[in-house]
Amino acid sequence: MSSDTLAKVPAASDLPEPADAPRIVPQRRYGQWAAAVVVLALLGFAVNSVLRNRAFQWDVVADYFTSDSVLRGLWLTLWLTAVVMVLGFALGTLLAAFRLSANPVLRAVGWGYVWLFRSIPILVQLLLWFNIGALYPRLFGVRTVDLLSPVAVAIVGLTLHEAAYAAEIVRGGILSVDRGQIEAAQALGLSPWRRWWRIVLPQAMRVIVPPAGNLLIGTLKGTSIVSVIAVNDLLFSAQLIYHRTYRVIPLLMVATLWYAVVTSLLGIGQHYVEKRYARGTENAR
């Protein structure tokens with residue numbers, strides 16, 4: 001068929017519709033619109049109740065939001081979160097290697113560690129480490145109570161707890177990499193380090209980053225539990241103030257708002273890290 005003939009063929013959109021063709025009417029979703037109106041009304045009521053309720057004492061919240069004691073507690077919370085995540089993922093990566101090892105002893109040790117520390121609540125773990133001096137009065141020739149301060153106990157307890165979850169995250173990411181690509185890299189003569197760095201890690205990170213980001217945010221919020229062992233974190237700083245001033249709700253709101261701000265920033269960072277490692281896939285958006 002010549003190009004002139006093709007040019008004369010009308011497009012489907014240019015053809016007139018038959019007189020008896022049914023007219024397509026979009027479906028009217030009255031239920032969805034009604035539900036949206038109800039949700040917006042309830043949301044507006046909740047926001048209005050929070051803003052107009054004088055018991056929240058928003059002026060007191062504003063006064064203490066950037067106070068020195070609160071900011072010191074916030075800094076300790078952020079520092080503790082960073083240290084626990086770094087140490088937790090370092091230990092978790094080692095445990096993941098144990099679980100993927102061909103050695104049955106290493107596999108058993110890795111599985112046993114994950115099972116044990118995921119089975120015990122974090123509060124129980126912290127209290128056990130805080131009272132470890134009752135079991136071992138001296139460690140390395142030093143009194144245990146002098147060796148393990150409340151901050152050290154918090155780091156040890158949280159790190160051992162987070163490592164169990166980090167191990168499963170790393171293991172899942174490594175298992176997501178197609179075995180055929182690793183074998184192809186071996187056939188090309190790449191060293192084990194280059195295979196790990198150039199082949200396994202970039203692909204595993206696409207699976208590791210989302211749960212790792214959630215674990216980071218969970219760890220940030222979970223650090224509030226160290227207040228039970230008198231670690232001067234954000235929540236404990238707020239508690240010290242309201243024990244002195246009896247303004248419980250405003251100080252709890254100060255802590256709540258700071259947690260919301262930091263977790264929101266971490267969520268934004270997680271989004272961009274996920275986007276970076278999703279490049280070249282249909283999920284990169």
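The legends below describe several close-up views of a predicted model.

**View 1. Helix H12 and the elements that cover its buried residues.** Helix H12 runs from residue 248 to residue 277 and has 30 residues, reaching 43 Å from its first C-alpha to its last, which is close to the 44 Å expected at 1.5 Å a residue. Its buried residues are Pro250, Leu251, Met253, Val254, Ala255, Trp258, Tyr259, Val262, Thr263 and Gln270. The cover over these buried residues includes helix H3 (58-65) and helix H4 (68-100), and it also includes helix H10 (192-222) and helix H11 (234-245).

**View 2. Salt bridges around glutamate 168, with arginine 99 and arginine 171 as partners.** The count of salt bridges comes to two. In one of them the side chains of glutamate 168 and arginine 99 meet, with a distance of 2.7 Å from N to O. Because glutamate 168 lies in helix H8 (residues 150-175) and arginine 99 in helix H4, this pair ties together parts that are 69 residues apart in sequence. Both glutamate 168 and arginine 99 are buried. Glutamate 168 also forms a salt bridge with arginine 171, where the closest N and O atoms are 3.0 Å apart. Here both residues lie in helix H8, three residues apart, which is about one turn of the helix. Arginine 171 is partly exposed, with a relative accessible area of 22%, and salt bridges that share partners join Arg99, Glu168 and Arg171 into one network.

**View 3. Threonine 81 in helix H4.** At 4% relative accessibility, threonine 81 counts as buried, because it falls under the 20% limit for that class. The side chain of threonine 81 reaches the backbone oxygen of threonine 77 at 2.8 Å. When its neighbours within four places in sequence are left aside, threonine 81 is in contact with Leu216, Thr219, Leu220 and Thr223.

**View 4. A nonpolar surface patch that includes valine 47.** Leu40, Leu43, Val47, Val50 and Leu51 make this nonpolar patch, which covers about 470 Å² of surface. Valine 47 is found in helix H2, which spans residues 30-52, and with a relative accessibility of 42% valine 47 counts as partly exposed.

**View 5. Alanine 230 and tyrosine 246, residues with positive phi in two loops.** Alanine 230 has a positive phi of about 65 degrees although it is not a glycine, and its place is in the loop between H10 and H11. With a relative accessibility of 46%, alanine 230 counts as partly exposed. Tyrosine 246, which is not a glycine either, has a positive phi of about 65 degrees and is found in the loop between H11 and H12. Tyrosine 246 is exposed, with a relative accessible area of 71%, so it lies over the 50% limit for that class.

**View 6. Alanine 184 in helix H9 and its separation from isoleucine 199.** Alanine 184 is found in helix H9, which spans residues 179-187. At 39% relative accessibility, alanine 184 counts as partly exposed. The C-alpha atoms of alanine 184 and isoleucine 199 are separated by 10.0 Å, and these two residues are 15 residues apart along the chain.

Notes
Residues are numbered from 1 along each chain as its sequence is written. This is a predicted model: local features need pLDDT of at least 70, side-chain atom pairs count only at pLDDT 80 or more; totals for chains, interfaces and linings use all residues. Side-chain values use heavy atoms; hydrogens and water are left out. Helices (H or I, at least four residues) and strands (E, at least two) are DSSP runs, numbered from the N terminus. Buried means under 20% relative accessible area, exposed over 50%, partly exposed in between (1.4 Å probe, protein chains only). Patches are made of residues with over 30% relative accessible area and no salt bridge: like charges are joined within 9 Å, nonpolar side chains (Val, Leu, Ile, Met, Phe, Trp, Tyr) within 5 Å. Accessible areas come from the Shrake-Rupley method with a 1.4 Å probe; for residues, only the protein chains shown count as cover. A salt bridge is a side-chain nitrogen of Lys or Arg within 4 Å of a carboxyl oxygen of Asp or Glu. The expected span of a helix is 1.5 Å times one less than its number of residues. Contact means heavy atoms within 4.5 Å. A polar contact is a pair of N or O atoms within 3.5 Å; within protein, one must be able to donate a hydrogen and the other to accept it, and residues adjacent in sequence count only if both atoms are side-chain atoms.
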